[in-house]
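Got your viewer open? Here's a short walk through the model, one selection at a time.

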Amino acid sequence: MTVANSLSWSRDDSLIKSLPKNIKIIRAKEFSLLLFHILFSKLGLGKLYDILEKKLAIPDKNIGWLPIAFIKGKKELKKRKYDLIFSTSPTVCAHILGLRLSQKFNIPWVCEFRDLWTIQPHYPFNGSKRGNKETTLEGRFLLKSDKIVVVTKTFKREFIRNYPNLLSDKIEVIYNGFEQLSPIGYSKNKRFTIAYTGSMYGQYYPKQLYEALDKLIDKFPEVHFHLLFIGNVEKQIIDEITRYSSVSTEFIPFLPKRELPEILERAAALLVFQLGKYSSVPSKVFEYLSYQKPILAIVPDDELREIVRLTGMGYCADPNNIQEIQNELVRLYNDWEQNKLPKPQNIKVLDKFLRRNQTKQLAKLFNETLHSQ
């Protein structure tokens, strides 16, 4: 079950071709709040829309998808037998659907969190009525589901810390991954380029990197640092970043995955950054590893940093330590200038991140869930 009229700003329709043809896809139309956002904005009522969204769009903006999805889900389960329900978030609405259908038809349910929800460091509704509602709802997901899947060991630790009654063996860690190793070459030019793929929104952008570069350029004015962002970026972030006039920056809108390698060839390193007290492990990191290019990781000293270092191509710095970021930039730049960028080591260590192996892990979990009923 998925959405029929997605208005996502990062959409790659080519990925659906990788699915087996015998998979049945059921699509439910979404009553999109984006239309109201556009209308209110045109009327000069953008702030009013923001207030209404915070009060009414619970648990998230996809709430308009849920009613029709539930109707279609019920119709499908009445005419065909299914062994198990699997829901994955974001959107959290998928877990509401999974919970309701599981209870109505008495079918085992596995829920997956690809991101943390109410216990993430930047959760905006702590202490509010909405926050209390959503925390209660999250607790129901964890209690009522038969198994829980998370994409990092950090997520598992945080769930257990925040929900002490949650049993450790109920939670399975299955990382994101990549389809196959896809090494990308490097075409060196005069500009020292660091590339990033993915969206940036709200306060999520590499401010510390720009602060470090701004100070570094004063020391090395002859160095041509160039940052390349591929993906959708909110206007206020572009405005904020372009204030750093000393740093050359280029923005390319979202591209399908198949078009990335040609663009990324010109990058000396690929960027991943995290904010907050600990890291998630975004799916882009595994794609980066499959490309076998150096990775500049501005992340806390935790699980993500361990993964980045697996092939010996990681340059890692704490996001809260500008001097450390500068040191890693200088080290990376010197390796680039001297044509000594590291080559990948111990590639077999990445096998566990191949999607076929992760699919086996998920299938095993499904079988265990069914046999425990």
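**First stop: a loop with a cis bond**

Start with threonine 91, which sits in the loop between E3 and H4. (Helices, H or I of at least four residues, and strands, E of at least two, are DSSP runs numbered from the N terminus.) The peptide bond joining proline 90 and threonine 91 is cis, and its omega is about 0°.

Before you go on: this is a predicted model, where local features need pLDDT of at least 70, side-chain atom pairs count only at pLDDT 80 or more, and totals for chains, interfaces and linings use all residues. Residues are numbered from 1 along each chain as its sequence is written, and side-chain values use heavy atoms, with hydrogens and water left out.

**The sheet**

Now colour E3, E4, E5 and E6. These four strands make an open sheet in the order E3-E4-E5-E6, with parallel pairing; two strands count as paired if DSSP finds at least two bridges between them. At the edges, pairing on one side only, are strand E3 (85–89) and strand E6 (171–173). From one strand to the next, the twist averages 20°.

Zoom in on strand E5 (residues 147–150): E5 and E6 pair in the parallel sense over three bridges. Which residue of E6 stands opposite valine 150? Select valine 173 and you have found the partner.

**Helices across the strands**

Next, show helix H4 (residues 93–105). H4 lies across E3 and strand E4 (109–113), and runs at about 160° to E3. Contact here means heavy atoms within 4.5 Å. Axes are lines fitted to C-alpha atoms, for helices over the stretch in contact, and angles run from 0 to 180 degrees between N-to-C directions.

Then add helix H5 (residues 129–144), which lies across E4 and E5 at about 130° to E4.

**A residue in E8**

Jump to leucine 228, in strand E8 (residues 225–230). Is leucine 228 buried or exposed? Leucine 228 is buried, because its relative accessible area is 0% and buried means under 20%, with exposed over 50% and partly exposed in between (1.4 Å probe, protein chains only). Leaving aside residues up to four places away in sequence, leucine 228 touches Thr193, Ile194, Ala195, Tyr196, Glu250, Ile252, Ile263 and Arg266. For a distance to draw, try glutamate 158: its C-alpha atom and that of leucine 228 are separated by 33 Å, with the two positions 70 residues apart along the chain.

**Backbone oddities in other loops**

Select isoleucine 58 and proline 59 for another cis peptide bond, with omega near 10°. Proline 59 belongs to the loop between helix H2 (46–56) and helix H3 (66–79).

Two residues other than glycine have a positive phi to look at:

- Glutamine 292 has phi near 60°. Find this residue in the loop between helix H10 (283–291) and strand E11 (295–298), buried at a relative accessible area of 18%.
- Asparagine 346 has phi near 50°. Look in the loop between helix H12 (322–337) and helix H13 (355–371); at 52% relative accessibility, asparagine 346 counts as exposed.

**Last stop: a leucine patch**

Finally, show the surface and pick Leu39, Leu43, Leu45, Leu48, Leu52 and Leu56, which make a nonpolar patch of about 540 Å². H2 gives the largest share of the patch, three residues. One residue to click in H2 is leucine 48, partly exposed at 39% relative accessibility. Patches are made of residues with over 30% relative accessible area and no salt bridge; like charges are joined within 9 Å and nonpolar side chains (Val, Leu, Ile, Met, Phe, Trp, Tyr) within 5 Å. A salt bridge is a side-chain nitrogen of Lys or Arg within 4 Å of a carboxyl oxygen of Asp or Glu. Accessible areas come from the Shrake-Rupley method with a 1.4 Å probe, and for residues only the protein chains shown count as cover.
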